[in-house]
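Please look over the sequence and the structure shown here before reading on. The report below goes with them.

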Amino acid sequence: MKKWSKENVVDTLPVRKSDAHKGTYGTALIAAGSRFMPGAAVLSAIACMRSGVGKLEMGTEESVIPYVIQHLPETTFVPGFYERLNDLPFNHYTVLAAGPGREENDETEKVVQTFLSTDLPVVLDAGALRERTYQKRKSPVILTPHPGEFIRISSFDKEKVEQDRQAAAAEFAAQTGVTVVLKGKETITAFPDGETYMNTTGNSSLSKGGTGDTLTGMITGMLCCHDDWKHAILNAVYLHGACADHWIKTRSPHTMLASELSELLPEVWKKYE
Ligand code: APR
Ligand code: MG
């Protein structure tokens, strides 16, 4: 199986153009958070804005907004997101993401179906993951399940997934036509064209609530600043793990918080560009 190496990262990370303005790197729209899981919205938002994007808009419940603003005043919000879903100005966005801090329910599914009906890249995680079929579309769909979520959305049995994660992810990607980032120790990224990579960074400090929400934000942001969407995903997974590897050089793996990944990212990213 192919591994996404340090050299690959160095070769493919984008240079920030000297004449860039905030429009150059696009606007991400993340649909995340709910009354009892506002923190997932915060984590994905911070990670996204740390990952190269120009602007971030959030689609969320009003109760979530103060939490996001407190931690990330750079964020703006779609007024009446759930009510206005069908007439959102999608030509205004670069990448769409949904799921962190969302329950898997009809409201979330309506967001997912609306996002999938556009021509934009779509990242789906957590509550936005469900067993469904995907129509052929112009831009990629990226799913980021942990093994439990993967079993739920693929209806593959547990033994099959545990025996050969790479083969299971590749089979799912080929079947559905979407990209799957099957998370865990040595995350597998399987593209629908059959290309599959194993990630080599990361450690058990990541086994803590919120690190997946952070990864969703990183993938979303990186999609906005990379020309090649595959490189964006592979680099996001790699740097997410590299931040955790940086943490354990001087600190116990028991102690890392998901939000600290985003704090380490600027320094870790710099080592590769
Ligand atoms: N080694 C390396 N990486 C690991 C390890 C490990 N031992 N354990 C976990 N990770 C990484 C995974 O690869 C992934 O990137 O940590 C991240 C964990 O992601 P999630 O399982 O999605 O965690 P979390 O952010 O808590 O999810 C939040 O989404 O998955 C749902 O039910 C979950 O509602 C919750 C929400
Ligand atoms: Mg998760």
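What follows describes a predicted model, starting with its ligand and going on to single residues.

**The ligand and its surroundings**

Ligand 1 sits in the largest pocket. Its shell holds 18 residues, and the closest of them are Glu149, Lys183, Gly184, Gly210 and Gly212. By type, the shell around ligand 1 has eleven polar residues, four charged ones and three nonpolar ones. Helix α8, made of residues 211-225, gives the largest share of this shell, with four residues.

Three side chains come up with polar atoms at a stated distance from ligand 1. For Lys183, a polar side-chain atom is 2.7 Å from an oxygen atom of the ligand. For Glu149, the distance from a polar side-chain atom to an oxygen atom of ligand 1 is 2.8 Å. Thr187 also has a polar side-chain atom facing such a distance, with 3.2 Å to an oxygen atom of ligand 1. Taken alone, ligand 1 exposes 720 Å², and the protein buries 74% of that area.

**Two residues with positive phi**

Which value does phi take in Ala126? The angle is near 45 degrees, which is positive, in a residue other than glycine. Ala126 belongs to the loop between β6 (122-124) and β7 (141-143). Ala126 counts as buried because its relative accessibility is 18%, and the cut-off for buried is under 20%.

Glu186 is not a glycine either, and its phi is positive at about 55 degrees. This residue is placed in the loop between β8 (179-182) and β9 (188-190). Is Glu186 buried or partly exposed? Its relative accessibility is 35%, so Glu186 counts as partly exposed.

**Buried residues in loops and a helix**

Thr75 is located in the loop that runs between α3 (65-71) and β4 (76-77). With a relative accessibility of 4%, Thr75 counts as buried. What does the side chain of Thr75 reach? It reaches the backbone oxygen of Leu72, at 2.9 Å.

Tyr82 is found in the loop between β4 and β5 (95-98). Tyr82 has a relative accessibility of 11% and therefore counts as buried.

Phe172 is part of helix α7. Its relative accessible area is 4%, so Phe172 is buried.

**Residues with more exposure to solvent-sized probes**Ala174 also lies in helix α7, which covers residues 165-176. Ala174 is exposed because its relative accessible area is 54%, and exposed means over 50%.

Arg16 is in the loop between α1 (6-12) and β2 (27-31). At 49% relative accessibility, Arg16 counts as partly exposed.

**Separations along the chain and in space**

The table lists pairs of residues with their separation along the chain and the distance between their C-alpha atoms.

| Pair | Residues apart along the chain | C-alpha distance |
|---|---|---|
| Tyr82 and Gly59 | 23 residues | 7.7 Å |
| Arg16 and His226 | 210 residues | 9.9 Å |
| Ala174 and Thr196 | 22 residues | 11 Å |
| Phe172 and Leu206 | 34 residues | 25 Å |

How many residues along the chain are Arg16 and His226 apart? The answer is 210 residues, while their C-alpha atoms are separated by 9.9 Å. For Phe172 and Leu206, 34 residues apart along the chain, the C-alpha atoms are separated by 25 Å.

**In review**

Ligand 1 is in the largest pocket, and the protein buries 74% of the 720 Å² that the ligand exposes when taken alone. Helix α7 holds the buried Phe172 and the exposed Ala174. Of the two residues with positive phi described above, Ala126 counts as buried and Glu186 as partly exposed.

Note on methods: Residues numbered from 1 in each chain as written. Chains lettered and ligands numbered in written order. Predicted model: local features only at pLDDT ≥ 70, side-chain atom pairs only at ≥ 80, totals over all residues. Heavy atoms only, no water. Buried < 20%, exposed > 50% of the residue type's maximum accessible area, 1.4 Å probe, protein only. Near = heavy atom within 4 Å. Polar contact = N/O pair within 3.5 Å; in protein donor to acceptor, adjacent residues only side chain to side chain. Areas by Shrake-Rupley, 256 points an atom, 1.4 Å probe, with all protein chains shown as cover. 1 Å grid on protein atoms, 1.4 Å probe; cavity = no way out; pocket = protein on both sides within 12 Å on 5 of 7 lines; lining within 4 Å. Sits in = over half its atoms within 2 Å of the grid points. Nonpolar A, V, L, I, M, F, W, Y, C, P; charged D, E, K, R; others polar.
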